[in-house]
Amino acid sequence: RARAGQRCETRPRLQRAMDDMAGEALKGKRVVLMACGSRGDVQPFLALTAGLVKAGVPTLVLTTANLVDFASSLGALAKEVYPDARELMMDTPGLLECMKEGNILLFFKIWTDLNKRMFPEHFRQVSAGVEEFRPDVILAGGMCFSVADAIGAMRGIPVMRCDFTGFLKSGFAPSILNEPPWLPRWYHRALNRLADYGALKGQRDSQYDHFAEVLPEVLPFLPKNLEQLEIADEFRPEPMLIASSPLLAKKFEDVVGEAVITGHWVVDEQEQEERMRRGEENFAGADDLAGFLASGPAPVYIGWGSMICVSSEFMACLAVRAVQLAGLRAVVLGGWAMLDEACLRGQPDSDELIEYARRNVLFAKAAPHEWLFQRCAATVHHGGAGTTAAALRSGRPTIITPCGFDQPLLARKVAASGAGVALPHLVKVTPKILADALRQATTDNTLITEAAELGAKLRQEDGVATALRALDDFFAKEVATGAWPKKVARMHAAMRKFESPGLLTRLGFLCAKLCTNSVKSQVA
């Protein structure tokens, strides 16, 4: 295929870019990456890891137990500091309830309780890893950021937050709480503030008592109230790295703090295909995937990755009933819900579903998204950042059935791009609703054309190379010049002024955030 030929050029192009992007300022530096969660939460970091290693940058990955081998295979040092995320979820029923309800506030509460129990050991392991490796910079995902920030403050190490959804707090778009987009700007800003308060409270409740016991000297550098957090967000000298496309992530005029939108961080198609053929568990889950693809018309892909909504039976039956109604073939990903033919049993229409599935459906435990999606007619998924990136890059129409968290925001972005369809929360999706969306995705020429055009543009981006360039720029312009420590000192000095804000001060910060999204007027 012409498209496949273009995509196979990715690796040589990436290698040339790595050689160019490892600028003088980045050479000789050491990088720690901190990533926890599902494979979708961690894999973009592993794509960046591959780029750093190819550029000759010593890299340590602190990650979950089940992804240490993957990171090591890329040539990086890797250390387990977080438990297997699936095992953790299955042992925490409240997390399954979060997916069923799409309740982000409930997630904050459950995560706080989990963190309180696990934090001392996690902090010990992360601290030991950083102490031994002695990095020049730490890059951390959202769930790891508070720990990275504390360690960086104590050791004088820059810490960059990394985000994959392209979510930047603004009054011009919904907050992470997923309110309707037509609400006024002050309302979106108020809900962003509420979400920040929930996250900060969880951080304080689960971590600060332990810091007081083992590392009390770090407490002055940590935000204790919403006002200090807002100062840190706005005056932080390190840029946030947004591993999303500029075509999808918008930096509105009221966004505060520096952010670099790099493009997606992707483990490329050739790498994924090689790992599939070697039988690696993260990429290979069906004995004859290529044979199934060649045995009939292009199937649709249906998979919900790390999501478990209602039950495995609900999800598997929804998938098969929908493709049966639409008259399509499908590759159905087992994922954490372990969807397979057995999940179709015990239903009034089980015999009919199983017969259809045996002729038209392939259940796969895992699959290489970059390789598979371009060979499908359309994709259906939960809207995780990594899966969404792969789906859009494939150039095929995509359908998102969100389960919560940041997924409804990505569903809206995909629908707005013209390359896909946003459906309601998965629990509200019926076989007919999904079948209608599949018919639209596989027959609507406008949707098919928009998806192909967006996919072609996204495949031209090189998010890893852009991220390396951002790192090099930071070291050249901020660290080498001595500007970074001065800016950090000014930020902490401003935070200290508001350790115990009074009522009028709090009202001033509230009004400033609701009106402009900035607290500069309060700090000056």
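**Reading the sheet and helix α3**

Modeller: Start with the sheet in this predicted model. Seven strands make up an open sheet, ordered β3-β2-β1-β4-β5-β6-β7, and the pairing is parallel.

Colleague: Which strands stand at the edges?

Modeller: Look for strands with a single partner. Here they are β3 (77–82) and β7 (259–261), so each has one side without a neighbour in the sheet. From one strand to the next, the twist averages 20°.

Colleague: How many bridges join β1 to β2?

Modeller: Four bridges link β1 (residues 31–34) with β2 (residues 59–64), and the two run parallel. Take V31: its bridge partner in β2 is T59.

Colleague: Which strands does helix α8 lie across?

Modeller: Helix α8 (residues 145–155) lies across β1, β4 (137–140) and β5 (159–163). It runs at about 165° to β5. Now take helix α20 (residues 463–479). This one lies across β4, β5, β6 (240–242) and β7, at about 140° to β4.

Colleague: What should I know about residue positions along a helix?

Modeller: An α-helix has 3.6 residues a turn, so residues three or four places apart point the same way. Our case is α3 (residues 39–54), with 16 residues. From first C-alpha to last it reaches 22 Å, close to the 22 Å expected at 1.5 Å a residue.

Colleague: Is α3 largely enclosed or largely open?

Modeller: Count residues under 20% relative accessible area. In α3, 12 of the 16 residues are buried, so the helix is largely enclosed by the rest of the structure. Among them are R39, F45 and L52.

Colleague: Where is there a positive phi?

Modeller: Look just after α3: G56 has a positive phi of about 80°.

Note on methods:
Residues numbered from 1 in each chain as written. Predicted model: local features only at pLDDT ≥ 70, side-chain atom pairs only at ≥ 80, totals over all residues. Heavy atoms only, no water. Pairing = 2+ DSSP bridges. Axes fitted to C-alpha atoms, helices over the stretch in contact; angles between N-to-C directions. Contact = heavy atoms within 4.5 Å. Expected span 1.5 Å × (residues − 1). Buried < 20%, exposed > 50% of the residue type's maximum accessible area, 1.4 Å probe, protein only.
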